[in-house]
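User: I'd like to learn how to read helix packing and contacts between parts of a model. Could you walk me through an example?

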Amino acid sequence: MGKLKPQKDWRWFTISKRIVEAYVGEYASGKSEVAVNRALELARAGRKVNLVDLDIVEPCYTLRPIKKELEETGMTVLAWETRDTVGLGEAGNIIKPECRWALYREGDVILDIGYGVEGAKTLNLLEGVEETPELQVLAVINAKRPMTSTVEEILDYIKELGPVHGLINNTHLGDETTPDIVQEGARVVSEVSNILGIPVVATTADQKVTKQIGPQDCMGNTVRPLVRYMPRTFW
Amino acid sequence: MSEKPITGEKRAFMTGNEVVAWAALAAGADIMYGYPITPQNEIMHYWTRQIPKYGRKFLQTEDELSAGFTTVGGVLAGLRAFTATAGPGNTLMQEPMSMAEMMRLPTVTIVQQRGGPSTATVIYSQQEVTLTTMGGNGEGLRIVYSPSNHQELFDYTIKAFNTAWKYRFPTFVLGDGYQAKMRESVTLYDPAERGIEMVPTEKYVGKPGTPGVDRDPGHYRNTYNTEEELFEVLQKHFADYEKMAPEVVEYAQEAVEDADLVIVAHGVVFRGVRDAVKELRAEGLKVGYFRPITLRPFPAEQLKAVANKAKKLLIAESAQGQLARLIKDAIYGASAEIVPMFRPGVGITTEQIVAKVKEAL
């Protein structure tokens, strides 16, 4: 599926080597939430982490309100500050140079790639993709979105994304999410995984919901609790 | 190819722009005409991603003037046609929509307001109220819905097609950039399954038969030779509009009966107002809200009744008094004092409203 080779020995919890992950997905799939939580998890484990906002169309709306708080955990957040983007307007936003070169940074790199399906193409703008064999592109799937709600739809959708190494079942309905909704998503995403031979890296959900589900979902995928930061952001 | 886009009720999580695209699909819209502008772009993106499956159409034009006029053309051809725009695009859209007003064409336009004047900001404001309600070079012969959440974006986009085709006035759904981009749950449904019948469309031009022989000629005009003729035609339009108004007007109000102060707000700002009223009532303060859902026609009588009872009306809007202008016109002569809370181009939170009410009481 393209130029990125999947890492056969890759594990979600590998802590010995550098972790480089790009989170892609539809609007409202939960990319940013999953990426922020992943970055925090790695930072708390004492790792050097770079969290990169790569929404190049509407930068800084997602991470801006929580940027300072994230930085206080010791991680580096590469994202535009509001004051730096003043003056650009609709004439065009530019990719922050340090984001473009983020893959060359020391430590783990978590890329939060915004702007829906088109956003996946943002990877083409990054320097060093070829030299980063550890790069894992993870597709965040919310099966409660109409265009990714069935196996067929998700298969079509992933084909549009380009190379993908892992799937994350982040099926949710915002505050209305229940364990049933997450499990329903787990079944759909696991079937996609079987068809494509791409692993389900994890099922993610709000802490309250994951507590009810337990450490594994109904398909045996690892369940990762999320602390929800996005309700405090713009979207 | 032309299967139904939605069967059964579906709870989904998405952005407001996607909701609009799905609503247009569910409403059986035949074609969208459009020109890209933030923050409405994803309406086009999601419409065009979906339509190959359902046999619908899209035309990207060279600008909003053209998008508006092609929407007019689509309607003349009997298509359930719509367009979407924002900000300076909405400015350009006014010329074709004035034509639709004069010719009584049921165009549907989604507006996702952004900051102004001019290009300004791409994200949010409520500064297109005056433009969307009264922006034509005429008399505002149009219908404007102001939804406040994703469910309403879905419901009122479907409704807009029916109101437009039933009464034959151009109809607008006035959202904003926050509603466009926000992620929220929504129940998608097929209108037919809810008992909502889509008003059938009808060709204006290209009908079968010979005009004047087999059928009345269709004489749809936006140009008149004499002042008297225009005057006469307009009187008929005004009469139709007035007759329609009570059937179309929508509003919501709560806790206004004994209220000392009533907050008036529309669209996304209403969300903060609703919560503020809950909070203030819990503290024992006599505060209610009035929310116009149609900004054209405006629920004038209903608000005037409220304004004759309450001591004060606090008008909260993300504009410098554009909603207030509609209100003052509607309640002229009423006794309530008007307290402005104008924050042009920026959001208004529950906390800010609560603080402002306490200051005003």
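User: In which hand does H5(A) cross H6(A)?

Analyst: Keep in mind that this is a predicted model. Here H5(A) passes H6(A) in a right-handed crossing.

User: Which residues make that contact?

Analyst: On the H5(A) side, they are Val151(A), Ile154(A), Leu155(A) and Ile158(A). H6(A) contributes Val188(A), Glu191(A), Val192(A), Ile195(A) and Leu196(A). Sorted by class, the contact of H5(A) with H6(A) has eight nonpolar residues, no polar ones and one charged residue.

User: And how should I describe the geometry of such a pair?

Analyst: Two packed helices are described by two values, the angle between their axes and the distance between those axes. In this case, helix H5 of chain A (residues 151–161) and helix H6 of chain A (residues 179–196) pack at an angle of about 55 degrees, and their axes are 9 Å apart. Because of that angle, H5(A) is oblique to H6(A).

User: What is the wider setting in chain A: how many helices and strands are there?

Analyst: Chain A has seven helices and eight strands. Of its 235 residues, 46% count as buried. As for contacts in chain A with a separation of 6 or more, 72% of them come from residues 24 or more positions apart.

User: Let's turn to the two chains. How many residues does each chain bring to the contact?

Analyst: A general idea first: the size of an interface is often given as the accessible area lost when the parts come together. For this pair we can look at residue counts instead: chain B supplies 17 residues and chain A supplies 13 residues. On the side of chain B that touches chain A, strand S1 (10–15), helix H1 (16–26) and strand S8 (183–188) of chain B each give at least two residues. S1(B) gives the most, with six residues. By class, that side of chain B divides into seven nonpolar, four polar and six charged residues.

User: Into which domains is chain B divided?

Analyst: They are domain 1 (10–194) and domain 2 (252–360). The centres of domain 1 of chain B and domain 2 of chain B, taken over C-alpha atoms, are 26 Å apart. Their contact takes 21 residues from domain 1 of chain B and 21 residues from domain 2 of chain B.

User: Which elements of domain 1 of chain B supply at least two residues each to that contact?

Analyst: Helix H5 (129–134), strand S6 (143–145), strand S7 (171–176) and helix H7 (177–181) of chain B do. The residues on the side of domain 1 of chain B that touches domain 2 of chain B divide into seven nonpolar, twelve polar and two charged.

Methods: Residues are numbered from 1 along each chain as its sequence is written. Chains are lettered from A and ligands numbered from 1 in the order in which they are written. This is a predicted model: local features need pLDDT of at least 70, side-chain atom pairs count only at pLDDT 80 or more; totals for chains, interfaces and linings use all residues. Axes are lines fitted to C-alpha atoms, for helices over the stretch in contact, and angles run from 0 to 180 degrees between N-to-C directions. Helices (H or I, at least four residues) and strands (E, at least two) are DSSP runs, numbered from the N terminus. Angles under 35 degrees count as roughly parallel, over 145 as roughly antiparallel, 65 to 115 as roughly perpendicular and the rest as oblique. A crossing is left-handed if the near helix is turned anticlockwise from the far one by less than a right angle, and right-handed if clockwise. Two residues are in contact if their C-beta atoms, placed from the backbone, lie within 7 Å. Ala, Val, Leu, Ile, Met, Phe, Trp, Tyr, Cys and Pro count as nonpolar, Asp, Glu, Lys and Arg as charged, and the others, Gly among them, as polar. Domain bounds come from an automatic or database domain assignment. A residue is buried if 20 or more other C-beta atoms lie within 10 Å of its own, exposed if 12 or fewer, and partly exposed in between; C-beta atoms are placed from the backbone.
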